Amino acid sequence: MHTIWLTGAEWAAVLRIGLGLWWLESWRHKDKKTWFAGGGIQWAAGIAAEHRWSAVRTSFDRLVRPRPRLMAYIVVHAELALGLGLITGLLTPIALAAGLVLNLLYLVLMIHDWAEQGQNLMMALISAVGIATMSWQSWSVDGAVGMFGAGG
């Protein structure tokens, strides 16, 4: 279907690429030295410790707190991988699903701080739309090689 300037699939790709740029910016603006030294995880630990839901506090204490360096590397590199995957359209459905999960985790952790929630909600929404519209059909490595039923 043609819309103004682009097809529907191309507009979905624009959203996907824009989301990838958003993840890449999230990665770029992090102070990696501080994050890899555990600063980012310490910040999150402070938020988790005061969280209104005991499940969040308990999960953080069991999964994240004992491994601050590993978790810092996972978060930082996940954001980079999501950004690059969505921009290039490589393994796009996996990147969209992983990004949706990561945004929902951020949303749950930061539930009391609505200042950050608009970004997480919009990124989660774009991920869901990207999955529903198969945004890897246009302008993607997946489309070029015919992965995931992409059209090219």
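Reader: What is the relative accessible area of Asp61?
Author: This is a predicted model, in which local features need pLDDT of at least 70 and side-chain atom pairs count only at pLDDT 80 or more, while totals for chains, interfaces and linings use all residues. Residues are numbered from 1 along each chain as its sequence is written, and side-chain values use heavy atoms, with hydrogens and water left out. Buried means under 20% relative accessible area, exposed means over 50%, and partly exposed lies in between (1.4 Å probe, protein chains only). Asp61 counts as partly exposed, because its relative accessible area is 38%.

Reader: Which residue forms a salt bridge with Asp61?
Author: A salt bridge needs a side-chain nitrogen of Lys or Arg within 4 Å of a carboxyl oxygen of Asp or Glu. Here the closest N and O atoms are 2.8 Å apart. The partner is partly exposed, at 39% relative accessibility. The residue that bridges to Asp61 is Arg65.

Reader: How far apart in space are Gln42 and Arg65, C-alpha to C-alpha?
Author: Gln42 is found in helix H3. Gln42 counts as exposed because its relative accessibility is 60%. In sequence, Gln42 and Arg65 are 23 residues apart. In space, C-alpha to C-alpha, the distance is 8.2 Å.

Reader: How many salt bridges does a search of the whole structure find?
Author: Side chains of opposite charge can pair when their charged atoms come close. One of the bridges joins Arg65 and Asp61. Another joins Glu79 and Lys30. A search of the whole structure finds a total of three.

Reader: Which residue does Arg28 meet in a salt bridge?
Author: The N to O distance in this bridge is 2.7 Å. Arg28 is exposed, with a relative accessible area of 52%. Its partner is partly exposed, at 34%. The two are three residues apart in helix H1, so about one helical turn separates Arg28 from Glu25.

Reader: Are Glu79 and Lys30 buried or exposed?
Author: The side chains of Glu79 and Lys30 meet in a salt bridge of 2.8 Å, N to O. This pair links distant parts of the chain, 49 residues apart: Glu79 in helix H5, and Lys30 in the loop between H1 and helix H2 (32-36). Helices here are DSSP runs (H or I, at least four residues), numbered from the N terminus. Both residues of the pair are buried.

Reader: How many aromatic pairs are there?
Author: Rings of Phe, Tyr and Trp (its six-membered ring) pair if their centres lie within 6.5 Å; planes under 30 degrees apart count as stacked, over 60 as edge-to-face and the rest as tilted. By this rule the count is three.

Reader: What is the angle between the planes of Trp23 and Tyr106?
Author: Trp23 lies in helix H1 and Tyr106 in helix H6, so the pair ties together parts that are 83 residues apart in sequence. Trp23 is buried at 1% relative accessibility, whereas Tyr106 is partly exposed at 21%. The pair is tilted, with ring centres 6.4 Å apart and an angle between the planes of 55°.

Reader: Which residues make the nonpolar surface patch?
Author: Patches are made of residues with over 30% relative accessible area and no salt bridge; like charges are joined within 9 Å, nonpolar side chains (Val, Leu, Ile, Met, Phe, Trp, Tyr) within 5 Å. This patch is about 500 Å², with areas from the Shrake-Rupley method and a 1.4 Å probe. One member, Leu90, is partly exposed at 41%. The makers are Leu90, Leu91, Ile94, Val141, Val145 and Phe148.

Reader: How far apart are the end C-alpha atoms of H6?
Author: The expected span of a helix is 1.5 Å times one less than its number of residues. H6 has 18 residues, so its span should be 26 Å. The model agrees, with the end C-alpha atoms apart by 25 Å.

Reader: Which residues is Ser127 in contact with, leaving aside its neighbours within four places in sequence?
Author: Ser127 is found in helix H7. Ser127 is buried, with a relative accessible area of 1%. Contact means heavy atoms within 4.5 Å. With neighbours within four places left aside, Ser127 touches Leu19, Leu96, Gly99 and Leu100.
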